[in-house]
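Trainee: Could you take me through one part of this model closely? I would like to follow a single spot and see what surrounds it.

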Amino acid sequence: MKNLGQMMKQAQAMQAKMAEMQEKLGQLEVSGQAGAGMVTATLNGKSELRALKIDPSLVDPNEVEVLEDLIVAAVNDAKAKVEAKVAEEMRQVTGGLDLPPGMTLPF
């Protein structure tokens with residue numbers, strides 16, 4: 001029974017660390033860029049878009065598709081950076097063990 005008690009303590013400690021990590025990720029902001037920095041998208045650690053900056057020179061009614069593509073690219077760049085940061089934080093919480101495929105943190 002001693003092992004069970006120890007496992008419960010470890011599980012509670014990990015749960016506390018995960019809650020702390022989720023709080024930290026909610027405050028994290030990561031920016032992604034496209035078009036050599038002419039479009040910048042900022043997401044928080046929960047992949048929520050927080051800011052979008054567009055260089056005024058890109059605002060041309062005849063080239064809306066280019067602007068749309070750059071926005072998508074900037075958001076995707078920021079999202080990839082958020083996912084990398086979340087994975088890094090998760091490795092720290094779990095002591096280097098990765099989550100099984102398909103398993104994610106609850107946000």
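What follows is a close look at one residue and its surroundings.

Trainee: Please look closely at Glu89 in helix 2. Which residues is Glu89 in contact with, leaving aside its neighbours within four places in sequence?

Mentor: First, a caution. This is a predicted model. Keep that in mind throughout.

Start with the layout. The chain has two helices and three strands. From the N terminus, the order is α-β-β-β-α. Helix 1 covers residues 2–27. Helix 2 covers residues 64–93. Glu89 sits in helix 2.

Now your question. Leave aside the neighbours within four places in sequence. Glu89 then touches Met21, Lys24 and Leu25. Take Lys24 from that list. Glu89 and Lys24 form a salt bridge, and their closest N and O atoms are 3.5 Å apart. Lys24 belongs to helix 1 and Glu89 to helix 2, so this pair ties together parts that are 65 residues apart in sequence. The side chains of these two residues also share a polar contact of 3.5 Å.

Why pair at all? Side chains of opposite charge can pair when their charged atoms come close.

Next, is Glu89 buried or exposed? Glu89 is buried, because its relative accessibility is 5% and the cut-off for buried is under 20%. Its partner differs in class. Lys24 is partly exposed, at 48% relative accessible area. For the chain as a whole, buried residues make up 23% of the 107 residues.

The pair does not stand alone. Lys24, Lys85, Glu88 and Glu89 are linked in a network of salt bridges. Look at Lys85 and Glu88 within that network. They form a salt bridge with closest N and O atoms 3.7 Å apart. Both residues lie in helix 2, three residues apart, about one turn of the helix. Lys85 is partly exposed, with a relative accessible area of 26%. Glu88 is partly exposed too, at 34%.

Go back along helix 2 for another pair. Lys81 forms a salt bridge with Asp77, and the closest N and O atoms are 3.5 Å apart. These two are four residues apart in helix 2, so about one helical turn separates them. Lys81 is partly exposed at 39% relative accessible area. Asp77 is partly exposed at 27%. The structure holds six salt bridges, and those described here are among them.

Now see what helix 2 lies on. Helix 2 lies across strand 1, strand 2 and strand 3. It runs at about 140° to strand 1. The three strands form an open sheet in the order 1-2-3, with antiparallel pairing. Strand 1 (29–34) and strand 3 (49–54) are at the edges. Each has a single partner strand, so one side of each is left without a neighbour in the sheet. From one strand to the next, the twist averages 15°.

Follow the pairings in turn. Strand 1 and strand 2 run antiparallel and are joined by six bridges. Glu29 stands opposite Asn44 in strand 2. The hairpin of these two strands has four residues between the strands, and Gly35 there takes a positive phi near 60°. Strand 2 (residues 39–44) pairs with strand 3 over five bridges, again in the antiparallel sense. Here Ala41 stands opposite Leu52 in strand 3.

Look along strand 1. Its side chains alternate. Val30, Gly32 and Ala34 point to one face and are buried. Glu29, Ser31 and Gln33 point to the other face and are not buried.

Then take one residue of strand 2, Thr42. Thr42 is buried, with a relative accessible area of 11%. Beyond its neighbours within four places in sequence, Thr42 is in contact with Glu29, Val30 and Ser31, among others. Its contacts also include Glu48, Leu49, Arg50 and Ala51.

Last, step back to the whole chain. Consider contacts between residues at least 6 apart in sequence. Of these, 50% join residues at least 24 apart. The accessible surface comes to about 7,600 Å², and 56% of it belongs to carbon and sulfur atoms.

To return to your spot: Glu89 is a buried residue that forms a salt bridge with Lys24.

Technical notes:
Residues are numbered from 1 along each chain as its sequence is written. This is a predicted model: local features need pLDDT of at least 70, side-chain atom pairs count only at pLDDT 80 or more; totals for chains, interfaces and linings use all residues. Side-chain values use heavy atoms; hydrogens and water are left out. Two strands pair if DSSP finds at least two bridges between them. Axes are lines fitted to C-alpha atoms, for helices over the stretch in contact, and angles run from 0 to 180 degrees between N-to-C directions. Contact means heavy atoms within 4.5 Å. Buried means under 20% relative accessible area, exposed over 50%, partly exposed in between (1.4 Å probe, protein chains only). A salt bridge is a side-chain nitrogen of Lys or Arg within 4 Å of a carboxyl oxygen of Asp or Glu. A polar contact is a pair of N or O atoms within 3.5 Å; within protein, one must be able to donate a hydrogen and the other to accept it, and residues adjacent in sequence count only if both atoms are side-chain atoms. Accessible areas come from the Shrake-Rupley method with a 1.4 Å probe; for residues, only the protein chains shown count as cover.
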